[in-house]
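Hello,

I am passing on the structure I mentioned, and I would be glad if you looked through it before reading my notes underneath. Please keep it open beside this message as you read.

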Amino acid sequence: RWRPFFIDPGTQPDGEEYNAYNRRRWGSDGWTYSLPGKREGTKFRNWKVWPNTLLASRLIHRAGVEGGWQLQHKAKGRVFELIYEEGKNASDLAVLAALANELGL
């Protein structure tokens, strides 16, 4: 079962530029070099924005309400792809609206 997790509630509502966020929060992005997802093949090649994930979490929750765990799982995966692989800002309402449309919500 998916449960939302807000890594940093202090993240700006519109998200923050990736490097600026990491410098502000941890001094650098060195901690990302050992992320577990890399072992599973996630490349994190286009991570441009550290998103405020409140709205994305709501979308993922809604997907579960509307389409059960399968749609919720798909929504979660797509949010991760948008952030880490496609360089999109999951804080952006237009990005999330397009994803909701893609998911049939």
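**What I found**

Perhaps the easiest residue to begin with is I83, which, once its neighbours within four places in sequence are set aside, is in contact with N46, W47, K48, V49, P51, K88 and A90. Please bear in mind throughout that this is a predicted model.

One of those partners, W47, appears again together with I83 when we turn to the interior: the largest nonpolar core has 21 residues, and W47, V79, I83 and L99 are the ones that touch the most other members. At least two residues of this core come from each of α1 (18–26), α2 (54–84) and α3 (93–103), and α2 gives the most, with ten residues.

Stepping back to the whole protein chain, you will find three helices and two strands, and, if you read along the sequence, these elements follow the pattern β-α-β-α-α. The protein chain has 105 residues, of which 41% count as buried. Among the contacts in the protein chain with a separation of 6 or more, 64% are accounted for by residues 24 or more positions apart.

A good place to see such a pairing of distant positions is G15, which lies in the segment before β1. The C-alpha atoms of G15 and D92 are separated by 8.1 Å, although these two residues are 77 residues apart along the chain. Not counting residues up to four places away in sequence, G15 touches V49, W50, P51, N52 and S91; V49 and P51 are also on the list of contacts for I83.

Is G15 buried or exposed? Its relative accessible area is 15%, and so G15 counts as buried, given that the cut-off for this is under 20%.

I7, which also lies in the segment before β1 (16–17), makes a useful contrast with G15. The relative accessible area of I7 is 46%, and therefore I7 is described as partly exposed, a term that covers values between the 20% limit for buried and the 50% limit for exposed.

Finally, on the outside, the protein chain exposes about 6700 Å², and carbon and sulfur atoms supply 53% of that area. Which residues make the nonpolar surface patch of about 360 Å²? They are F5, I7 and W26, so that I7 is worth finding again when you turn the model to view its surface.

Best wishes

How values were computed:
Residues numbered from 1 in each chain as written. Predicted model: local features only at pLDDT ≥ 70, side-chain atom pairs only at ≥ 80, totals over all residues. Heavy atoms only, no water. Core = buried A, V, L, I, M, F, W, Y, C linked by side-chain atoms within 4.5 Å. Buried < 20%, exposed > 50% of the residue type's maximum accessible area, 1.4 Å probe, protein only. Helix = DSSP H or I, 4+ residues; strand = E, 2+ residues; numbered from the N terminus. Contact = heavy atoms within 4.5 Å. Areas by Shrake-Rupley, 256 points an atom, 1.4 Å probe, with all protein chains shown as cover. Patch = residues over 30% accessible without salt bridge, like charges linked within 9 Å, V, L, I, M, F, W, Y side chains within 5 Å. Salt bridge = Lys/Arg side-chain N within 4 Å of Asp/Glu carboxyl O.
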